[in-house]
Amino acid sequence: MLTGDIPPNQTIYIKNLNEKVKKEELKRSLYALFSQYGRILDIVALKTTKLRGQAWVVFSEVTAASNAVRQMQNFPFYDKPMRIQYAKSKSDCIARAEGTYDKKKKQEEKAERKRRVEEAQQNATPNGPRAESNGGPAASSRPGRPSAQEAVADPNNILFIQNLPYETTSMMLDVLFKQYPGFREVRMIEAKPGIAFVEFEDDIQSSVAMQALQGFKITPQNPMAISYAKK
């Protein structure tokens, strides 16, 4: 096993990532995928020659990192299976690669970053792999009024997704929804950013995905609002 000689810690190291994916899209997709296991403090992905195809994800809790290592090992991400292990020393190895290593400074920066993140998110509901059901806190906390589709549409195999950040890609949603049985495809409307349709094989499978991801935050400001699509 990849993690055999490295003790569990809050940071996971991922390699064998698709090098063709742009850095910002890669970081957003990693956030969308791994935030289901716990609160993420930092994601680092560099495009230097030595560090291509690699990334580090820093969780707030060791248990979250452990779950991510166990559940996502070899997960097909942008058509390549991820290789995941606990990081030996995320901050140090990146700083050395950049030629900017300063241990004391890095420790101070990490502590300050953690404080800022905790202050910004102290009133936010943390993402989990199984968010509350439609009537629960995750659903009721999303901003804006319920859509007409949500009010009248009967359960069916197509989900209507709203409140997506404009930079969301179909690949990011594909990574999230393909975890659930019966997933078929994601359809986005180029002329209307912020919404998407996700199709499953039947309404039971779409309901499972809806309940699991209702209120899931692709970014801290964008909890997904999921309803059945109006046919």
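What follows walks through the fold, the aromatic pairs, a few individual residues and one cavity of this structure.

The model is a predicted one, so local features are taken at pLDDT of at least 70 and side-chain atom pairs at pLDDT 80 or more, while totals for chains, interfaces and linings use all residues. Residues are numbered from 1 along each chain as its sequence is written, and side-chain values use heavy atoms, with hydrogens and water left out.

Starting with the overall picture, the protein chain comes to 8 helices and 12 strands; these are DSSP runs numbered from the N terminus, with helices being H or I of at least four residues and strands being E of at least two. Of the 231 residues, 49% count as buried (buried is under 20% relative accessible area, exposed is over 50%, and partly exposed is in between, using a 1.4 Å probe and protein chains only). Among contacts in the chain with a separation of 6 or more, 69% come from residues 24 or more positions apart, a contact being heavy atoms within 4.5 Å.

On to the rings. The structure holds 5 aromatic pairs. Here, rings of Phe, Tyr and Trp (its six-membered ring) pair if their centres lie within 6.5 Å; planes under 30 degrees apart are stacked, those over 60 are edge-to-face, and the rest are tilted. One of the pairs is Tyr13 with Trp56, a tilted arrangement with 5.3 Å centre to centre and 40° between the planes. Tyr13 sits in strand 1 (residues 11-15) and Trp56 in strand 3 (residues 55-59), so this pair ties together parts that are 43 residues apart in sequence. Both partners are tucked away: Tyr13 is buried at a relative accessible area of 15%, and Trp56 is buried at 4%.

Another pair, Phe177 with Phe200, is edge-to-face, at 6.4 Å centre to centre and 65° between the planes. This one also links distant parts of the chain, as Phe177 belongs to helix 7 (residues 170-177) and Phe200 to strand 9 (residues 196-200), 23 residues apart. Phe177 and Phe200 are both buried. With Phe183 added, ring pairs link Phe177, Phe183 and Phe200 into a cluster.

Helix 7 itself deserves a look. Of its 8 residues, 6 are buried, so the helix is largely enclosed by the rest of the structure. The buried ones are Met172, Leu173, Asp174, Val175, Leu176 and Phe177. Val175 also turns up in a long-range relationship with Pro76: the two are 99 residues apart in sequence, yet their C-alpha atoms are 8.7 Å apart in space. Pro76 lies in strand 4 and is partly exposed, with a relative accessible area of 42%. Leaving aside neighbours within four places in sequence, Pro76 is in contact with Pro81 and Lys178.

Gln36 is a polar residue worth a stop. Its place is the loop between helix 1 (23-34) and strand 2 (40-44), and it is buried, with a relative accessible area of 4%. A polar atom of the Gln36 side chain lies 2.8 Å from the backbone oxygen of Leu33. The side chain of Gln36 also makes a polar contact with the side chain of Gln179, again at 2.8 Å. A polar contact is a pair of N or O atoms within 3.5 Å; within protein, one must be able to donate a hydrogen and the other to accept it, and residues adjacent in sequence count only if both atoms are side-chain atoms.

Two residues other than glycine have a positive phi. Asn16 has a phi of about 65°, lies in the loop between strand 1 and helix 1 and is partly exposed at 27% relative accessible area. For Tyr78, phi is near 50°; this residue is in the loop between strand 4 (76-77) and strand 5 (80-81) and counts as buried at 8% relative accessibility.Last come the cavities, of which there are 2 of 30 Å³ or more. A cavity is a set of points on a 1 Å grid over the protein atoms alone where a 1.4 Å probe fits but cannot get out, and lining residues have an atom within 4 Å of a point. Grid points are joined across faces, edges and corners, and a volume is the space filled by probe spheres set on the points. The second largest cavity has a volume of about 40 Å³. Its lining is made up of Leu17, Asn18, Leu26, Ala45, Leu46, Lys47, Arg52, Gly53 and Gln54. By class, that lining has 4 nonpolar, 3 polar and 2 charged residues, where Ala, Val, Leu, Ile, Met, Phe, Trp, Tyr, Cys and Pro count as nonpolar, Asp, Glu, Lys and Arg as charged, and the others, Gly among them, as polar.

Conventions
On a 1 Å grid over the protein atoms alone, a cavity is a set of points where a 1.4 Å probe fits but cannot get out, and a pocket is an open set with protein on both sides within 12 Å along at least five of seven lines; lining residues have an atom within 4 Å of a point.
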